[in-house]
Amino acid sequence: MRIKDKVIFITGGGRGIGRETALLMAREGARVAVVDRDAAPAQAVVDEIVAAGGEAVAQAADVSKRDGVEAAVAGVLAKFGRIDVLINNAGITMDSTLAKMTEDQFDRVIDINLKGVFNCTQAVLPTFLAQGKGKIINASSVVGQYGNFGQTNYAATKAGVIGMTKTWAKELARKGITSNAVAPGFIFTDMTALMPEKVLDVMKDKTPLGRLGMPGDVAKVYLFLASDDADFITGQVIGVDGGLVL
Ligand code: NAP
């Protein structure tokens, strides 16, 4: 996979799919900026990468706060001098049925999952434009494609991410910038650990490949989309769901 020496800026890199991706990219020779809300988990991932002989830097930033995001981009540019790939991976859930969802629950999920993607992409865009090349990769979800009980806020963000992904593919293709998304099904991370086991069993039964996903299943698709092998792919939403959405 052609990823060696590329600078990967990944949000939500401290845990779950983001952590797995940061470690995989580093093993493949990329230089990784691990961005997370808290410094400690991001630094722990960086320490692991460096101990294995890789190159990485940690940046603490809340993606919903533009100032922090801009400072993180500046920090990565100061360290590595370029950014080749932005992976907008950070995301949260705050589930509730429509009848019970508070305005705060709605706003917080929108601020992180939707506006956070906008904030980070806008902050990295001048670098991509100056380089004449860049890749944007966004975390959507099957839930953005077919909805989910109790996830009005989350489904809205993940559908919105698909809209932004396709818009940026159209706006930025002539500038050498691609924009794609992944739509994972149900992946074993802290996020799904919040869900009742009964619900996860139902999802497993509904999945044609007969299992839930692992963080590495998504990390490997991020890796492909980040590599030169994906240079002619833009505006796509790649399902990583064991055939759940067919
Ligand atoms: P996770 O295990 O909960 O990890 C999410 C990471 O994002 C954490 O490191 C978290 O930091 C960070 N984060 C949260 N809010 C942030 C913010 N405001 N600014 C910066 N970082 C923030 O989640 P995951 O399962 O790996 O999910 C990764 C992405 O895949 C998300 O966008 C999610 O919606 C999407 N996805 C997941 C699944 C699934 O089944 N797991 C399915 C479809 C899509 P803290 O430690 O501070 O919370």
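Asp-84 counts as buried, because its relative accessibility is 13% and the cut-off for buried is under 20%. That doesn't leave Asp-84 without a partner: its side chain meets that of Arg-82 in a salt bridge, at 2.7 Å from N to O. Keep in mind that this is a predicted model. Here's a quick tour, starting with charged pairs like this one and then moving out to the sheet and the whole chain.

**Charged pairs**

- Side chains of opposite charge can pair when their charged atoms come close.
- The count of salt bridges here comes to 11.
- Back to that opening pair for a moment: Arg-82 has 32% relative accessibility, so it counts as partly exposed, while Asp-84 is buried.
- Lys-135 and Asp-231 also meet through their side chains in a salt bridge, this time at 2.6 Å, N to O.
- That pair ties together distant parts of the chain, with the two positions 96 residues apart: Lys-135 sits in strand E5, and Asp-231 sits in the loop between H9 and E7.
- Is Lys-135 buried or exposed? With just 4% relative accessibility, Lys-135 counts as buried.
- Its partner Asp-231 has a relative accessible area of 38%, so Asp-231 is partly exposed.
- Neither residue stands alone, since a network of salt bridges links Lys-6, Lys-133, Lys-135, Asp-228 and Asp-231.
- One more pair to look up is Asp-217 with Arg-211, whose side chains form a salt bridge at 2.9 Å, N to O.
- Both ends of that one are partly exposed: Asp-217 at 23% relative accessibility, and Arg-211 with a relative accessible area of 44%.

**The sheet**

- Strands of a sheet pair through backbone hydrogen bonds, either parallel or antiparallel.
- In this model, 7 strands make an open sheet with parallel pairing, in the order E3-E2-E1-E4-E5-E6-E7.
- Which strands sit at the edges? They are E3 (55–60) and E7 (237–240), each of which pairs on one side only.
- On average, neighbouring strands of the sheet are turned by 20° against each other, direction ignored.
- For a look at one pairing, find strand E1 (residues 7–11) and strand E4 (residues 85–88), which run parallel and are joined by 3 bridges.
- Phe-9 is a handy spot to zoom in on, as its bridge partner in E4 is Leu-86.
- Helix H9 (residues 215–226) packs on the sheet, where it touches E1, E4, E5 (134–139), E6 (177–184) and E7.
- The direction of H9 makes about 165° with that of E6.

**The whole chain**

- All told, the protein chain has 9 helices and 7 strands.
- Its radius of gyration is 17 Å, close to the 18 Å that the globule rule gives for 246 residues, so the chain is as compact as a globular protein of that length.
- The C-alpha trace spans about 45 × 35 × 35 Å along its principal axes.
- How much of the chain is buried? Buried residues account for 52% of the 246.
- Take the contacts between residues at least 6 apart in sequence: 73% of them join residues at least 24 apart.
- As for the surface, the chain exposes about 11,400 Å², and 55% of that comes from carbon and sulfur atoms.

Definitions and conventions
Residues numbered from 1 in each chain as written. Predicted model: local features only at pLDDT ≥ 70, side-chain atom pairs only at ≥ 80, totals over all residues. Heavy atoms only, no water. Pairing = 2+ DSSP bridges. Helix = DSSP H or I, 4+ residues; strand = E, 2+ residues; numbered from the N terminus. Axes fitted to C-alpha atoms, helices over the stretch in contact; angles between N-to-C directions. Contact = heavy atoms within 4.5 Å. Rg over C-alpha atoms; globule rule 2.2 N^0.38 Å. Buried < 20%, exposed > 50% of the residue type's maximum accessible area, 1.4 Å probe, protein only. Areas by Shrake-Rupley, 256 points an atom, 1.4 Å probe, with all protein chains shown as cover. Salt bridge = Lys/Arg side-chain N within 4 Å of Asp/Glu carboxyl O.
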